[in-house]
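Could you look over this structure with me before we discuss it? My notes are below, so keep the picture open while you read.

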Amino acid sequence: MKNRKRIFRYAALALTALLLVTMLAACGGGKSGAASSGSANYYPGAAPQAAAEAKSDSAMPMEEEWAEEADYEIEEPMEPAPEPGEGSLVTEENIPDPSAKMIYTANLSIQTLEYDQALAEILKRVADAGGFIESQNESNNNYNWFYDEAVNDDRYASITARIPAGGFQNFLNGLEEIGHVTNKSMSAENVTQRYYDTEATIKAYEIERDRLLAMMEKAETIEDMIAVESRLTEVERYLNSYKTDLSYLDKQVRYSTVYIYLDEVQKYSAAPQKTFLERFTYSLGDSWDEFVYGLQDFVIGFIYFFPTLIILIVIALVIIFLIRRFRNEEKAAARRARKAQKKAEKAARKAEKAAEKVAGQTAQQAGERAAEKAIEQEAEKTE
């Protein structure tokens, strides 16, 4: 049992060493490189929201008690400033400017055989239209550029251009002449109501601000000044928020957005039809090349893994030696057991023979004594 446990322990250690060597060989042999390219978000974000909204109850007129404490009268209660797009502040009848406020957006995908010329032409047309480039991203996915006969035909560009609304359609028509248009989409958003509601809201807050400034000049107590100043701060915050929103709408209306995706492609020609003899010759040569390449790969792989193979062979020999040693010890123990058994059997046979001999001698002596006793009895009778 002790020998068996020891053999199993040796075998476990050998297997553990084998696993460690295999893992080290795998880690040392595997080398990989990774290339990553950044990606850009080509779609615009939502319009900035107002920083805060006016609360109707915060724009209510000051309480009468506060007016009684002051030495002046409030001419009229201040109405809360309306929210953009709510109520009847702006209607079709009272819009100051009848022209609609439209935000135009277009997406255009173009394929070209002449990437550099097409990209330069797009940038030139943007400048000629009086627009500007909001963002531009280029990528080159040709990872075989270092080959002698490499073809640079996998470039890509995404451009976000802002074009004056008046030349929006002419600009799109001109882009179709640069290359092959694979996708084109346009959309228009009418923000007239939102624009004029925001504009009217700004005017309402400006009126309230002027009134609050007048009240500030007439206030005589600290409490009056604090109350007016608190409301004035809120109004200024709302004004800044709505003015920012209006400025954003102005920019979106004046400059339409065009997303341009330029993709470089390569022109392919149809391969000529091959005859049976050409196909046969090509298949034969290709199969021979594959055989040669496979044989070369096998030799290179064998050389590459040769050190690992030597270590594995040594470990296998150690395991085989331990197994044979274990088996030889078992056979020797069996032979010793058989010898001991034979000796025991031989000793048993000797003891049996000795017992038989002793028993025979005892029986003979008893017979002789019985015969002597019978003779003596006969002699006595004769006398």
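Here are my points, in numbered order.

1. Start with how far to trust it. This is a predicted model, and its average pLDDT is 75, with 71% of the residues scoring at least 70. Confidence peaks in strand 5, at a mean of 94, and bottoms out in helix 2 (residues 64-69), at 36.

2. Be careful with residues 25-98, where pLDDT stays under 50. The model does have 99 contacts beyond four places in sequence for that stretch. Still, where pLDDT is low, predicted coordinates should not be read in detail.

3. Now find strand 1, residues 102-112. Eight of its 11 residues are buried. It pairs with strand 4 (residues 180-190) in the antiparallel sense, over 10 bridges, and there Tyr104 stands opposite Ala188. It also pairs with strand 5 (residues 255-264), this time in the parallel sense and over eight bridges. In that pairing, Ile110 has Leu262 as its bridge partner.

4. Leu262 turns up again in the largest nonpolar core, which has 20 residues. Along with Ile122, Phe171, Leu175, Val258 and Ile260, it is among those with the most contacts inside that core. Strand 1, helix 3, strand 3, helix 4 and strand 5 each supply at least two of the core's residues, and helix 3 gives the largest share, five. Another core, of 18 residues, lies apart from this one and includes Ile202, Tyr205, Val228 and Leu249.

5. Click on Val258 to see the packing up close. Not counting residues up to four places away in sequence, its contacts include Ala106, Ile159, Phe168, Phe171 and Leu175.

6. What about charged side chains? The whole structure has 13 salt bridges. One joins Arg125 and Glu121, with the closest N and O atoms 3.0 Å apart. Both residues sit in helix 3, four residues apart, or about one turn of the helix.

7. Compare that with Arg194 and Asp245, whose side chains meet in a salt bridge at 3.0 Å, N to O. Arg194 is in helix 5 and Asp245 in helix 6, so this pair ties together parts that are 51 residues apart in sequence. Buried or partly exposed: which is Asp245? At 8% relative accessibility, Asp245 counts as buried, while Arg194, at 29%, is partly exposed.

8. Helices 5 and 6 have another link: Glu206 in helix 5 and Lys243 in helix 6 are 37 residues apart. Their salt bridge has its closest N and O atoms 3.9 Å apart. Finally, Asp116, Arg155 and Glu264 are joined into one network by salt bridges that share partners.

Notes. Residues numbered from 1 in each chain as written. Predicted model: local features only at pLDDT ≥ 70, side-chain atom pairs only at ≥ 80, totals over all residues. Heavy atoms only, no water. Buried < 20%, exposed > 50% of the residue type's maximum accessible area, 1.4 Å probe, protein only. Pairing = 2+ DSSP bridges. Core = buried A, V, L, I, M, F, W, Y, C linked by side-chain atoms within 4.5 Å. Contact = heavy atoms within 4.5 Å. pLDDT = per-residue confidence, 0-100. Salt bridge = Lys/Arg side-chain N within 4 Å of Asp/Glu carboxyl O.
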